[in-house]
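Student: I have not looked at this structure before. Could you take me through it?
Tutor: Certainly; please bring it up and ask as you go.
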2 protein chains.
Amino acid sequence: MTKNTDENVIEERIHTVEELLNRNEDLKIKEFIEEMHPADIAEVLFELNDEDQVKFFSILSWEQAGKVLEEVNSETFLEFLGILRREHKILLLEQIAQDDMVDLIAELSEEKRKEIISLLNLEDAKSVRELLVYDEDTAGGIMTKEFISVRKDITIYQAIEDLREMAKDAETIYYVYVVDKNKRLVGVLSLRELIISRPNNIVEDIMHENVISVNLKTDQEDVARAVSKYDLLAIPVVDDNNRIMGIITVDDIIDVIEEEATEDIYRFAGASEVEDLEHYNISERIFASVKSRLPWLIITVFGGLLSAQVIGGFQEVLNKNTVLALFMPLLAGMGGNVGTQSSTLTVRGIAMGDIQGKEVLRTLFQEVCIGFLVGLCCSIIVAIVSLFFIQGEIILSFVVGISMWANMITAATIGTLVPIIFKKIGVDPAVASAPFITTTIDITGLSIYFTLTTILLSRLVY
Amino acid sequence: MTKNTDENVIEERIHTVEELLNRNEDLKIKEFIEEMHPADIAEVLFELNDEDQVKFFSILSWEQAGKVLEEVNSETFLEFLGILRREHKILLLEQIAQDDMVDLIAELSEEKRKEIISLLNLEDAKSVRELLVYDEDTAGGIMTKEFISVRKDITIYQAIEDLREMAKDAETIYYVYVVDKNKRLVGVLSLRELIISRPNNIVEDIMHENVISVNLKTDQEDVARAVSKYDLLAIPVVDDNNRIMGIITVDDIIDVIEEEATEDIYRFAGASEVEDLEHYNISERIFASVKSRLPWLIITVFGGLLSAQVIGGFQEVLNKNTVLALFMPLLAGMGGNVGTQSSTLTVRGIAMGDIQGKEVLRTLFQEVCIGFLVGLCCSIIVAIVSLFFIQGEIILSFVVGISMWANMITAATIGTLVPIIFKKIGVDPAVASAPFITTTIDITGLSIYFTLTTILLSRLVY
């Protein structure tokens, strides 16, 4: 545990600030938070009550306040901005990075948006307006225009001079992008290379020509994959004519990776809530969650009713052997688990780019084999243990074991195939998540179970 | 889609290399891959057959080969190293970053490890031996010793000079760590700040004193959280006396975040396979998967048998109303889904640090409310639609609906409570995953269902 993420340290900080706020010791607070990281300040802020939040916020320096606002949601942003006078709003807004500004105002009403943009300086206003055009899940939507580029025909000395000048406004100065006279991206130099190169060299002669870049419309997940694959600190974003339009820095990529991972995890659970609901009030959160989860549950309801239909079709066997009902939850549970395991591995593998080309068939073969083997082990256990439940009717135990096995192999196959097929036909495989697959598996599992038991029991018993 | 992660581009590259290899056009290959990124070269390599792999590998420059080896597993590493002569091994090993070297040899036998370390230069050998001591999931296990530090009492000019000299061997030069005479970490300066500061300033006067650092023993997940929270490009690792021992760069943090996310996702599915199995052969992969999944499935088997026990206890009711069996899969499905939704959100929330302090009770309250609401909606649908199945027996439909509702509220409560309790008692909540929770929910759900139906039916019907 680092001292900065230790829960006790955080609790103590909050406590100290609350005490100082109560005693109106503004100066002491200023001092207490002076060397504190903005992320820590934001963390303290969120834990205060509404009244204290406003008090605390107004004690922050413009720079601190700006950094804090980069971490809040649109609603909180508006709220805090609302307590300031116009001149102060201008000072504050200047501190916020372009890409965060775009995130903050993207979901506001047209009117509110215009009002805020009107408070920005001309250059920022222009950039923000341009950035607002792009879909928020694309490279264009998460990039910033605060990057450093130099012309290819200048010297290293000149490039370093330019860089010093531009450094203040840039999100990162660790990559210097090289452009031709049409602003087309033709190369890249790291700050490291700039520093160790001879000052009278020409940029073009020492730059790397093979720049890894993404298009404005590239999905943010693909952007993250490229940054991760090539271990970049930032990636340039170009338009269709290869002109550099912005950059995306690695800290934003980390957010994308975490967001996408959370999204994937939620989807596996049949919920689509990915919004950061942290700062909403509880009834809004509940309502949003119900809305996001209900569709999946209703699919499950109808899946379950279909299962009921299937069971109804076999009611005769069931009436004769009510004992068969005992193993239905076991059957559904095993099929569901095996299927979920296979589908999870497949969906994650597709998302991480591990399952493509030759790997597709290999994965399918592999999962079916795994289903075969784990199915065999589990069925033997079930067959043996179930003997105790059904007073030693060996044939019935055998039948239950066999259907369990068939069910598990089928489940593994469905769990693997569905995401692959979804991917092929262009549907996000993560949508083929738990509820859909488990419902399918439930229905096929019950059909297999009752068909096999009907056939086997009629052959072996009657 | 970026041009570098586009599947077609990758396919084409592989194809070109295969063709050139067939025609033994080594020079053309050298040319073709000259400007290619090492990550792309590695990608091509992995898709070749064994024979071509060796041929292709021997065409790479030492630098390319070194970078490629940073991406492979221990087995492949040994294999490729094996085809080289001693002098060439030395040249190649020099190219590999310390932290990757440690990953590569950590799991080898003592003997093999010694053999490889004996090929390193003295300094690297010393570092690697030191790094091997730390657990691979901790800061010490993923850090590198290739960082830049300067004494606090020198000038900026001198610091930049030092940096130029050390730049070649450092993993990142974007942070310069400042130490006192006992090597204790006392500050940090970004390269950006160094560059824009006046050369005759003293380091101590312009450095940031509040350095965010982690301890050697800090869990890698906490390291990732700190880097993500504070938007760092690298984080220093210190020992218990605050002496700087190494750094961890953001590209390794991205790997940690992806690895942990995959691990979490797999755990939700009841599988613990997180090893990169990509380069193992298929029977090894299958065996490893079976081993990792079987324990969860066997828990489910016994859970299912417990369910069978519960149903057995109510066999009398069931015999009278075999129609009750129809809704058992539906009941299990709904409970399972609601419970999984709640537990997934809770486990992920705990992992992301969102659920702590005040948030714990709020989350529980919220999830129970959600269970109440979605349960209400679904139960009404079930009650109405089930009427068609059971020939208009309104009371039975009503009973099924009510038990469904009770089941869903309980499921949401269990799904939220179990991870919270696990966290409190110090067990990783992600272990409280699908199989455990769904089994618990199945059993409580069936008990509720049959108890309620028994009571209600006896009151209302008999």
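Student: Through which surface do the copies meet?
Tutor: The copies meet through the same surface, because 100% of the interface residues of chain B are also interface residues in chain A. Contact here means heavy atoms within 4.5 Å. The model is predicted: local features need pLDDT of at least 70, side-chain atom pairs count only at pLDDT 80 or more, and totals for chains, interfaces and linings use all residues. Residues are numbered from 1 along each chain as its sequence is written, and side-chain values use heavy atoms, with hydrogens and water left out.

Student: What turn lays chain B on chain A?
Tutor: A turn of 180 degrees with a shift of 0.1 Å along the axis lays chain B on chain A with an RMSD of 0.1 Å. That is the relation of a two-fold axis. The superposition is by least squares on the C-alpha atoms of residues with pLDDT of at least 70 in both copies.

Student: Now helix α9 of chain A. Which of its residues are buried?
Tutor: In α9 (residues 110-117; helices are DSSP runs of H or I, at least four residues, numbered from the N terminus), the buried residues are Arg113(A), Ile116(A) and Ile117(A). They lie on the same side of α9(A), because they cover an arc of only 95 degrees around the axis, taken from the directions from the helix axis to the C-beta atoms. Buried means under 20% relative accessible area, exposed over 50%, and partly exposed in between (1.4 Å probe, protein chains only).

Student: What do those buried residues pack against?
Tutor: They pack against α6 (74-82), α7 (86-93), α8 (98-106) and α10 (122-132) of chain A.

Student: And which exposed residues are on the face turned away?
Tutor: That face of α9(A) carries Glu111(A) and Lys114(A).

Notes:
Chains lettered and ligands numbered in written order. Helix = DSSP H or I, 4+ residues; strand = E, 2+ residues; numbered from the N terminus.
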